[in-house]
Structure formats: structure tokens, C-alpha cells
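Let's take a walk through a protein model together. Have the sequence and the 3D view open, and look up each residue as we get to it.

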There are 2 protein chains.
Amino acid sequence: MANLTLALDAMGGDFGPRVTVPAALQALASNPQLKLLLVGNPETISPLLANQNAELLSRLHVVPAEHVVSNDARPSQAIRSSHGTSMRIALNLVKSGEAQACVSAGNTGVLMGLAKVMLKSIEGIERPALMTVIPNLKQRKTIVLDLGANINCNSRMLVEFAIMGAVMAEYIVGVDNPRVALLNIGEEESKGLDNIREAAITLRNAPAINYIGYVEGNELLTGKTDVLVCDGFAGNVTLKTMEGAIRVILSLVKSPGSQQKKSSWLMKLFKMKIVKKWLLKQVSKQFGHLNPDQYNGATLLGLRGIVIKSHGAANEHAFKAAINQAIQAIEKQVPDRIAARLDAVLPKSE
Amino acid sequence: MANLTLALDAMGGDFGPRVTVPAALQALASNPQLKLLLVGNPETISPLLANQNAELLSRLHVVPAEHVVSNDARPSQAIRSSHGTSMRIALNLVKSGEAQACVSAGNTGVLMGLAKVMLKSIEGIERPALMTVIPNLKQRKTIVLDLGANINCNSRMLVEFAIMGAVMAEYIVGVDNPRVALLNIGEEESKGLDNIREAAITLRNAPAINYIGYVEGNELLTGKTDVLVCDGFAGNVTLKTMEGAIRVILSLVKSPGSQQKKSSWLMKLFKMKIVKKWLLKQVSKQFGHLNPDQYNGATLLGLRGIVIKSHGAANEHAFKAAINQAIQAIEKQVPDRIAARLDAVLPKSE
């Protein structure tokens with residue numbers, strides 16, 4: 001890989017440069033080929049670069065930006081007034097070819113909207129989608145899309161999501177012949193909304209896709225499928241519900257036992273601070289790979305460039321994970337793979 | 001309450017009379033006013049009634065039915081060929097006034113379809129809905145509807161669901177001025193599908209409804225709202241996802257620790273059978289009230305009669321809980337309350 005340059009929106013997210021700059025330095029330290037364009041306010045960024053290793057700094061360049069897209073901006077307005085924002089300048093570096101990918105922890109709707117306008121969709125992709133990777137019970141990973149970029153989807157869009165998800169499962173997760181399923185409210189062919197049933201017919205007849213049928217929400221974490229395809233409304237509902245259920249249960253584990261009156265010798269043991277702490281650690285070990293704090297980064301799929309959205313609340317570790325996702329997407333040439341698979345499954349009619 | 005007679009579809013569900021008959025006898029024993037019409041095959045039912053208390057048997061009457069609706073039948077076909085089935089005869093007893101409510105663990109789609117045709121909707125209700133009650137973190141209960149009876153909903157239907165849900169929260173759960181929310185993919189007013197945004201406007205302007213806005217899937221278990229309104233597709237996705245997440249986590253708790261190599265004294269303690277068993281009991285105590293096995297019964301709301309759908313896999317205890325739900329709905333006069341509230345929120349235009 002001759003050139004590996006990322007544009008980072010240094011100002012985006014809940015913590016801005018306090019998180020993005022240390023994460024950038026860590027990423028540079030672990031990737032000797034990596035170059036970073038840090039887009040943001042030099043006055044805020046520079047102090048965070050003081051006394052850092054000169055070799056790392058030689059591969060980091062600050063690109064000034066005067067404005068920031070606010071986290072709670074309405075996309076339509078924010079896109080119109082996005083000139084001079086760190087997000088727009090970072091995307092523009094991808095458009096101009098100065099960077100091969102962009103990473104931002106900023107407003108999702110604005111990032112998606114701006115990326116569509118500036119980078120354009122891959123030919124044949126009706127609407128780009130937001131995708132994430134979640135861990136599953138089989139110690140593997142499940143690709144889920146769309147997560148909310150498109151709340152009304154026709155069957156063609158669902159088929160495109162299936163193709164993009166399969167490419168990601170194959171090249172990013174590393175699954176051979178990944179299983180692809182549609183999220184539905186029953187497993188019988190007759191179930192569900194028209195667009196889902198129509199997409200099922202196309203996918204069943206596509207030899208380049210390993211389509212396994214419908215799955216229901218209760219299979220989200222079981223690893224029954226490698227790729228789970230749904231419209232953005234259902235995708236958001238299932239992911240948020242899963243995150244909520246896990247958080248609720250973890251909170252119960254962390255504050256157990258207020259209702260127990262009788263204290264047996266075992267109970268007394270469990271009330272010891274050191275034992276409680278140890279127990280919590282064991283539980284976290286079990287649940288850690290399902291904890292939403294442990295994974296980060298949604299990929300905007302279907303664009304001619306690579307754009308990764310980090311959680312707004314990401315810490316250094318999580319933002320670095322999003323940077324690594326961008327590097328992987330560059331190395332695996334995700335947009336080209338999607339274009340090629342699209343031609344194989346949905347050949348152009350002309 | 002002068003007359004309290006229920007029609008039970010004794011043949012429905014995965015276990016039929018083996019579960020429904022003992023549950024019926026238990027319900028009779030705990031409700032001296034209750035009378036039950038047990039609809040099904042007398043040859044299968046009679047042996048299960050042998051040697052039972054004569055007083056209980058005096059309040060139980062077997063109504064013969066030759067057929068059973070199969071669990072995997074397609075609703076349209078099954079409804080056409082439903083004559084002589086225990087489900088149809090049970091619903092007919094409600095229609096004729098011989099029973100005040102019907103309970104069935106049979107095929108949900110067929111039960112909903114038949115109930116609509118036979119009992120008709122309350123005037124002003126466009127489409128009946130399927131509703132359930134789930135426990136929440138605040139040790140209270142949340143009403144969720146629709147769960148899959150209506151996968152395409154216009155805004156008027158969502159408003160009707162809100163009204164019906166509020167009535168249930170008030171009279172069945174016992175919450176004063178229950179909070180009502182719409183399930184959406186963000187909390188801002190501009191978010192989501194057109195039908196949801198339109199329903200929000202109507203609900204905001206309805207003084208008889210304590211509308212609190214949008215909530216996301218991660219709030220399903222937190223108790224942020226007393227009534228959660230959604231279309232049947234989203235309702236099914238959120239409930240199934242929640243059930244799946246809880247099952248996955250419980251399965252992790254039940255088989256923990258295979259990856260631990262080093263055995264500390266604490267680890268050794270935890271590997272002792274008695275300690276494992278105790279620990280599992282503690283965890284179940286914490287999670288029990290969120291475990292999907294612990295609640296049962298969906299109510300078909302918006303009909304002129306009372307129909308309760310028990311889980312197909314319900315055991316005696318769970319089927320008795322569904323019978324109790326039916327009794328409560330009779331005592332609280334649910335259909336009349338819904339009709340009255342409907343007039344208050346959505347007065348007839350004529």
C-alpha cells in the first residue's frame with residue numbers, strides 16, 4: 001500500500017480533539033505507513049500535539065477548519081450551512097483524492113447527507129446505507145444494515161443492502177460465502193411487508209448471494225446469519241432494543257440483591273467488597289463482547305469513497321477502532337468490491 | 001358481577017387439554033364466581049376431569065368441537081375452513097353472549113382474523129390490535145401495541161392504539177394518567193415515518209391522552225413510558241429482539257467461565273456445584289421479572305368482545321394467567337372503556 005492517508009474530523013463527537021487527537025497519535029504509532037490529515041481548529045489541536053514524538057508528527061498534518069457541525073443540528077439546514085466545517089473539509093479531502101477515507105464522530109444525519117452530495121453513490125446503488133458489525137453468541141460477527149439512513153426502503157434497496165452486507169462480511173469480517181437474511185416478523189415466505197417479500201424473491205434467485213431466508217429479531221445475537229438486512233427504521237429499532245436490554249441486565253448485575261433479607265454464609269461472602277468486584281469482573285468477561293460500549297463505528301456503504309462514523313460518545317480506544325475500520329476498508333478496496341458484486345447480482349439492463 | 005363465564009379453546013396451543021384443563025380447574029378453584037365453557041374434544045378432555053372436586057365440575061361445562069385450528073395454518077385458508085374448530089366455537093360463545101370472554105393458545109393470525117369477522121370492531125376502531133404487558137426496570141409494567149396484527153398502519157390507527165393502550169394502562173395495570181409514547185428512531189419531532197409524525201400531532205393535541213413524545217427501542221425496559229405505541233412490524237421486532245437478548249444473556253450466565261484457565265481460590269469456590277446452583281438462583285431472581293417465560297397473554301384490543309391470546313407454549317401457570325387476564329378485562333369492562341375514550345379523543349365527525 002503506497003499511500004494510506006486518512007482525513008479525520010478532529011472536532012466531531014462529544015469530546016472533539018480531547019479524544020480524536022490522542023486516538024490519532026495512537027493510530028500513527030501502530031501503523032508506520034499511515035498518514036493523517038487532522039481537520040479542525042489549530043488552536044485547540046496544537047497544544048495536544050506538544051512534546052509528541054517527531055516521527056509521528058511528521059506523518060500528521062493539521063488542516064484548519066473554522067466551524068463545527070453541531071451534534072443536534074437538523075441535517076437539511078446543517079448541510080446548507082456546512083461550508084468551513086471540519087466535517088465538510090474532511091469529506092472534501094476524500095473527494096479530491098488527498099485522503100482515501102474519512103472518519104468522523106459528528107452528527108450522523110449530516111455526515112450521511114454531506115457524503116452523498118459530495119462523494120456520490122456507486123453506480124447502481126439507489127441509496128447508501130449505514131452498517132455496523134455486532135458480536136454474536138457464536139463468537140463471530142454479524143453485519144446489520146440499514147441502521148437508519150433510509151427509513152422507507154423499496155425491495156431494490158433491500159437487495160442492494162444485501163449485496164453490500166455480503167461484501168463486508170466476506171472482506172472485512174472474513175467469512176466465506178456469508179449467509180444473508182432479511183429481518184422479518186415470521187419465517188414463512190408469506191410473512192411481512194411487500195418490499196421484504198419482493199426482495200426475498202430476487203435474493204433467492206441470485207446465485208452470487210447465499211440467501212438463507214427470513215430471520216426474526218430474537219436471532220439478532222445468536223449468529224444464525226452473517227448479514228442481517230432491514231430498512232433503517234427496523235434496523236434502528238432492533239439495535240437500540242438490543243443495546244437497551246443489555247444495559248438493563250448489566251445494571252441489574254451491577255446492583256444485585258437489595259431484596260434479600262436473610263443472610264446465609266454465602267450471602268455474607270458475596271457482600272464482601274472484594275468478592276463483589278471479582279464477581280462483576282467475571283460477569284463483564286461474559287458480557288463484554290455483547291456490550292455496546294465494546295464496539296464502535298458504523299460504515300457508510302454504497303458511496304464512491306470510504307466514510308466511517310464513530311459513536312459520538314467514543315473514547316480514545318473506540319475512536320481508534322473506527323480509524324482501524326477505515327484502514328481495513330481502504331486495504332480491502334470496499335467500494336470497488338461492492339461495484340463488482342452489484343454487477344454480478346443485478347446486471348445493468350443496458 | 002352476576003355472570004362471569006369464559007369460553008376456553010381447550011384444544012389450542014402446543015399442549016392442548018394437558019395444559020388447558022388443569023389450568024381451568026385451578027382458575028375455578030380460585031374464583032368461586034367463575035364458570036367455564038371448555039370447548040374441545042370430550043374424549044380427550046373427560047379423562048382429565050375424572051375424580052375432580054364436584055363443586056368445581058358443577059361450574060365447568062364441556063362444549064364439543066370436532067376440529068382444531070393447526071398451529072402453522074395460514075390465516076386466510078384456516079379462517080375459511082374454521083367451521084367446527086374449538087377456536088371458532090369458543091369465539092361464537094362470546095358472540096352469542098353465552099360467554100363474556102374467550103381465551104385461546106391457538107394460532108394468533110387465525111384467532112385475530114376470526115375474532116374480527118365474528119365479533120366485529122368497536123365503532124370507530126379501524127383495526128383491532130394485539131397488545132401485551134411487559135415488566136420494566138421500575139418494577140412497574142409497560143403496555144406495548146401493536147405486536148403484529150397490523151404491519152402497515154396509518155396515523156389514525158396509531159392514535160387508536162394509543163387510546164386503547166392508555167385504557168389498558170389505567171384499568172388493567174392501574175396507572176393514573178398513564179404516559180403514552182410513540183416508538184421512533186429518535187426523540188426529535190422531525191424524526192421518523194410520516195404516519196408516526198402525524199399521529200404525534202393528534203396525540204399532542206388530545207387532552208385526554210398524556211402523550212410524552214417519542215421513545216427509542218433502548219427505552220423498552222426502562223419504564224420511561226407506560227404505553228408504547230408502534231405498528232405491528234416494529235412492535236414484533238422490538239419484542240422479539242428484547243426476548244432474544246435476554247435469552248442470550250441468561251444462557252451466558254447459565255454456562256459461564258469456560259475461558260478461564262487460572263483457578264484462584266474464588267474460582268474453585270465458584271466451580272463447586274452448590275455454589276453454582278446458588279449463584280444461578282440469585283441471577284434468576286434478578287432477571288426473573290424480565291424473563292419472557294414469566295409473562296403470558298396478549299390481548300386482542302378494539303373488538304366488541306374480549307379475546308385473550310395465550311402463548312402457544314404456555315404451561316398451566318401461564319395459561320391460568322391468561323384466564324385471569326380475561327377475568328380482569330370483563331370486570332373492568334374494557335371494550336366499553338375503549339369506546340368511551342375513543343369518543344373523548346376522536347369525536348365522531350357526524
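Which residue takes a positive phi just after α2(B)? That's B:Asn51, with a phi of about 65 degrees. At the other end, where helix α2 (residues 42-49) of chain B starts, a side-chain oxygen of B:Asn41 comes to within 2.9 Å of the backbone nitrogen of B:Glu43. Helices here (H or I, at least four residues) and strands (E, at least two) are DSSP runs, numbered from the N terminus.

Before we go on, a few ground rules. This is a predicted model, where local features need pLDDT of at least 70 and side-chain atom pairs count only at pLDDT 80 or more, while totals for chains, interfaces and linings use all residues. Residues are numbered from 1 along each chain as its sequence is written, chains are lettered from A and ligands numbered from 1 in the order in which they are written, and side-chain values use heavy atoms, with hydrogens and water left out.

**Inside the protein**

Start with the greasy part. In soluble globular proteins, nonpolar side chains tend to be buried together. In this model, the largest nonpolar core has 232 residues, and A:Leu6 and B:Leu6 have the most contacts inside it. A nonpolar core is a set of buried Ala, Val, Leu, Ile, Met, Phe, Trp, Tyr and Cys residues joined through side-chain atoms within 4.5 Å. "Buried" means under 20% relative accessible area, "exposed" means over 50%, and "partly exposed" is in between (1.4 Å probe, protein chains only).

Click on B:Leu6 and you'll find that the residues it touches include B:Leu34, B:Leu36, B:Val103, B:Ile323 and B:Ile330, not counting residues up to four places away in sequence. Touching, or contact, means heavy atoms within 4.5 Å.

Now for two arginines in chain B. B:Arg59 sits in the loop between α3 (54-58) and β3 (60-64) of chain B. Why does B:Arg59 count as buried? Because its relative accessible area is 10%, and the cut-off for buried is under 20%. Among the residues B:Arg59 touches are B:Leu28, B:Asn31, B:Pro32 and B:Leu36, again leaving out residues up to four places away in sequence. B:Arg341, in helix α13 (residues 334-345) of chain B, also counts as buried, at 15% relative accessibility. Its contacts include B:Ile163, B:Val167, B:Glu170 and B:Tyr171, with residues up to four places away not counted.

**Two domains in chain A**

The domain assignment (bounds like these come from an automatic or database assignment) splits chain A into domain 1 (1-121 + 304-309) and domain 2 (126-253 + 282-301). Their centres, taken over C-alpha atoms, are 28 Å apart. Each domain of chain A puts nine residues into the contact.

How much area do domain 1 and domain 2 of chain A bury between them? About 760 Å², with 69% of it on carbon and sulfur atoms. Buried area is the accessible area (1.4 Å probe) that two parts lose on being put together, summed over both. On the domain 1 side of chain A, A:Met112, A:Lys116 and A:Lys309 supply 56% of the area, more than any other three residues. α6(A) gives the largest share of that side, five residues. There are zero salt bridges between the two domains of chain A.

**Pairs of opposite charge**

Side chains of opposite charge can pair when their charged atoms come close. A salt bridge is a side-chain nitrogen of Lys or Arg within 4 Å of a carboxyl oxygen of Asp or Glu. The structure holds 17 of them over all chains. Here are three to look up:

| Acidic residue | Basic residue | N to O distance |
|---|---|---|
| A:Glu216 | B:Lys240 | 2.4 Å |
| B:Glu216 | A:Lys240 | 2.3 Å |
| B:Asp226 | B:Arg179 | 3.0 Å |

The A:Glu216 and B:Lys240 pair crosses between chains, from the loop between β8 (210-215) and β9 (227-229) of chain A to helix α9 (residues 232-254) of chain B. A:Glu216 is buried at 14%, whereas B:Lys240 is partly exposed at 22%. B:Glu216 is buried too, at 14%, and A:Lys240 is partly exposed at 21%.B:Asp226 and B:Arg179 are 47 residues apart and link distant parts of the chain, with B:Asp226 in the loop between β8 and β9 of chain B and B:Arg179 in strand β7 (residues 179-183) of chain B. B:Asp226 is buried at 3%, while B:Arg179 is partly exposed at 24%. Over in chain A, salt bridges link A:Arg140, A:Arg179 and A:Asp226 in a network.

Technical notes. A polar contact is a pair of N or O atoms within 3.5 Å; within protein, one must be able to donate a hydrogen and the other to accept it, and residues adjacent in sequence count only if both atoms are side-chain atoms.
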